[in-house]
Amino acid sequence: MKPIVIVPARLKSLRLPNKILMDIHGLPMIEHVRRRILLSNLIDDVYIATCDIEIKEALEVYGAKVIMTSENHKNGTSRVAEAVKSIDCDKLILVQGDEPLLLPSQLDQMVKILLKDNDSKAWNATGPIENEEEFSKKSFVKCSLNDSKILNCFRSLPSSSDFDIQTKDIRKILGIIAFTKEFLLELSKLKSGKIESTESIEQMRILENGYSITSIPFDKTQASINEPDDLEIVLQILNKDKEQKELLTQVLEYKY
């Protein structure tokens, strides 16, 4: 069975409220994400999980499938766990709605791994650290690795090694996370740990409860929108990068 994708969305983002409906070339940011997911040939279906009627109304115009969820969720993982209860699937991918440069080819890469890996319960896409400034940027969650397993997640760098050494085993956590449905429902019942709560890193609930996360390494990190200045960076990439320009055309011409 092909995995499904659920995009959690809310208007009350801590760092940038209402960013999910931010206009990018005439479409809400989250609609860019949804259409890019649909450009993958390996996804069974896409759902938006939200508690905000404004998001539901904005996306249903484009034919999106929207599942209304509770207002009480503290993160996207718990929101997706509520939404997936009503969906028949074995595995699912959570894609954050602030990833407007998502590459369908990267999503395909992740799905191919999910279809072969019957041992893991949770997976997270990771990307390379491109410069030293990213180590100190707290809006980027980083992780340390042992082979393919994520050992720890953090916002501030815990290492004092040289940059070239650090980047061998430290990567950026990307907003593309996969679970088996069974494990996600189990995870949603577990209590938040100290690090998850204090650092606002939802992946830590998995690690703090003794489970593992398998890293799916992407060769390239795509810019996401977490802070006001990030929008201009995304627009510049859409204007200059050949692959992104071609994808933007496909997104804008997508028939729904």
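A salt bridge is a side-chain nitrogen of Lys or Arg within 4 Å of a carboxyl oxygen of Asp or Glu. In this predicted model, nine such salt bridges are found.

One of them pairs Asp45 with Lys65, whose closest N and O atoms are 2.5 Å apart. The two residues belong to distant parts of the chain, 20 residues apart. Asp45 sits in the loop between helix H1 (29–38) and strand S4 (46–50), while Lys65 sits in the loop between helix H2 (53–60) and strand S5 (66–68). The partners also fall into separate exposure classes. Asp45 has a relative accessible area of 18% and is buried, because the cut-off for that class is under 20%. Lys65, at 40% relative accessibility, counts as partly exposed.

Helix H2 itself carries a salt bridge between Lys56 and Glu60. Here the closest N and O atoms are 3.0 Å apart. Lys56 and Glu60 are four residues apart in the helix, so about one helical turn separates them. Lys56 is partly exposed, with a relative accessible area of 21%, and Glu60 is likewise partly exposed, at 37%.

A further salt bridge joins the side chains of Lys137 and Asp230, with an N to O distance of 3.8 Å. Lys137 lies in the loop between helix H5 (132–136) and strand S8 (142–146), and Asp230 lies in helix H10 (residues 230–240), so the pair ties together parts that are 93 residues apart in sequence. Asp230 is buried, with a relative accessible area of 4%, whereas Lys137 is partly exposed, at 27%. Elsewhere, Glu31, Arg34 and Arg35 are joined into one network by salt bridges that share partners.

Charged residues appear again in the lining of a pocket. The second largest pocket has a volume of about 150 Å³. Its lining consists of Arg10, Leu11, Lys12, Cys51, Asp52, Glu71, His73 and Arg79. By class, five of these residues are charged, two are nonpolar and one is polar. Leu11 and Cys51 are the nonpolar members, and His73 is the polar one. The charged members are Arg10, Lys12, Asp52, Glu71 and Arg79.

How values were computed:
Residues are numbered from 1 along each chain as its sequence is written. This is a predicted model: local features need pLDDT of at least 70, side-chain atom pairs count only at pLDDT 80 or more; totals for chains, interfaces and linings use all residues. Side-chain values use heavy atoms; hydrogens and water are left out. Buried means under 20% relative accessible area, exposed over 50%, partly exposed in between (1.4 Å probe, protein chains only). On a 1 Å grid over the protein atoms alone, a cavity is a set of points where a 1.4 Å probe fits but cannot get out, and a pocket is an open set with protein on both sides within 12 Å along at least five of seven lines; lining residues have an atom within 4 Å of a point. Grid points are joined across faces, edges and corners, and a volume is the space filled by probe spheres set on the points.
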